[in-house]
Amino acid sequence: MKPITVTVDLDLPASEVFAFLSDFENNPRFQKGMRSCVWTSPPPHGVGSTYDQVAHFLGREIVSSFVVVEHAPGHRVKIESTSGPFPIEETRIVEARGEGCRVTAIVGGDASGFLQLLAPLQRPLVKRSVTRDYRQELPRALGVR
């Protein structure tokens, strides 16, 4: 799947937003369908840190594990799946802009197993979900209306 990029501007300090986004245990607070995310490696979290997540998608529970592959504190974090029904990677970038910040999420991956049957619908479904999560749910989770 060609990567999906979503950008949102927030009236919050970049450091606050990055702290929230780089703690993947916050994912269920703004990602619909996300049931849980739990770090499986001790803090401090950075390159090589791991976490497990449980999501609900199309009536199924999807369990995946991830590793942090890039971490530029305060600015950029990238994760890749290490197990689960399809490979996925996500990069989250936070850039200061005046008193606020710009958040960019880049999500890519490919379906396998039962999800491969949905490959033609995958990109539009993922794009809609990621767009909603970052443009509507993230500001709500951070207390921005």
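**View 1. The whole protein, with three helices and seven strands.** Welcome to this predicted model, in which local features need pLDDT of at least 70, side-chain atom pairs count only at pLDDT 80 or more, and totals for chains, interfaces and linings use all residues. Residues are numbered from 1 along each chain as its sequence is written, and side-chain values use heavy atoms, with hydrogens and water left out. Helices (H or I, at least four residues) and strands (E, at least two) are DSSP runs, numbered from the N terminus. Reading from that end, the elements follow the order β-α-α-β-β-β-β-β-β-α. The protein has 145 residues, and 43% of them count as buried. Here buried means under 20% relative accessible area, exposed means over 50%, and partly exposed lies in between (1.4 Å probe, protein chains only).

**View 2. The hairpin of β3 and β4.** Strand β3 covers residues 50-57 and strand β4 residues 60-72; the two run antiparallel, joined by eight bridges. Two strands are said to pair if DSSP finds at least two bridges between them. Look for F57, which sits opposite R60 in β4. Two residues lie between the strands, and L58 in the turn has a positive phi of about 50°.

**View 3. The hairpin of β4 and β5.** Strand β4 also pairs with β5 (residues 76-83), in the antiparallel sense and over seven bridges. Across from E70 you will find K78 in β5. This hairpin has three residues between its strands, and G74 in the turn shows a positive phi of about 80°.

**View 4. Strand β5, with V77 and K78.** V77 belongs to strand β5 and is buried, with a relative accessible area of 2%. Its C-alpha atom is separated by 5.8 Å from that of T91, 14 residues apart along the chain. K78 forms a salt bridge with E89 (a side-chain nitrogen of Lys or Arg within 4 Å of a carboxyl oxygen of Asp or Glu), and their closest N and O atoms are 3.7 Å apart. K78 lies in β5 and E89 in β6 (residues 88-97), so this pair ties together parts that are eleven residues apart in sequence. K78 is buried at 15% relative accessible area, whereas E89 is partly exposed at 34%.

**View 5. Salt bridges of R92 and K32.** Side chains of opposite charge can pair when their charged atoms come close. Seven salt bridges turn up in a search of the whole structure. In one of them, R92 meets E90 with the closest N and O atoms 3.0 Å apart, and both residues are buried. Salt bridges that share partners also join K32, E137 and R140 into one network. Within this network, K32 and E137 have their closest N and O atoms 3.8 Å apart. The pair links distant parts of the chain, 105 residues apart: K32 is in the loop between α2 (27-30) and β2 (34-39), and E137 is in helix α3 (residues 119-141). With 10% relative accessibility, E137 counts as buried.

**View 6. A positive surface patch.** Which residues form the positive surface patch? They are K2, R123, K127 and R135. One of them, K127, is found in helix α3 and is partly exposed, with a relative accessible area of 38%. Patches are made of residues with over 30% relative accessible area and no salt bridge, with like charges joined within 9 Å and nonpolar side chains (Val, Leu, Ile, Met, Phe, Trp, Tyr) within 5 Å.

Definitions and conventions
Accessible areas come from the Shrake-Rupley method with a 1.4 Å probe; for residues, only the protein chains shown count as cover. Lys and Arg count as positive and Asp and Glu as negative; His and the chain ends are not counted. The place of a charge is taken as NZ of Lys, CZ of Arg, CG of Asp or CD of Glu.
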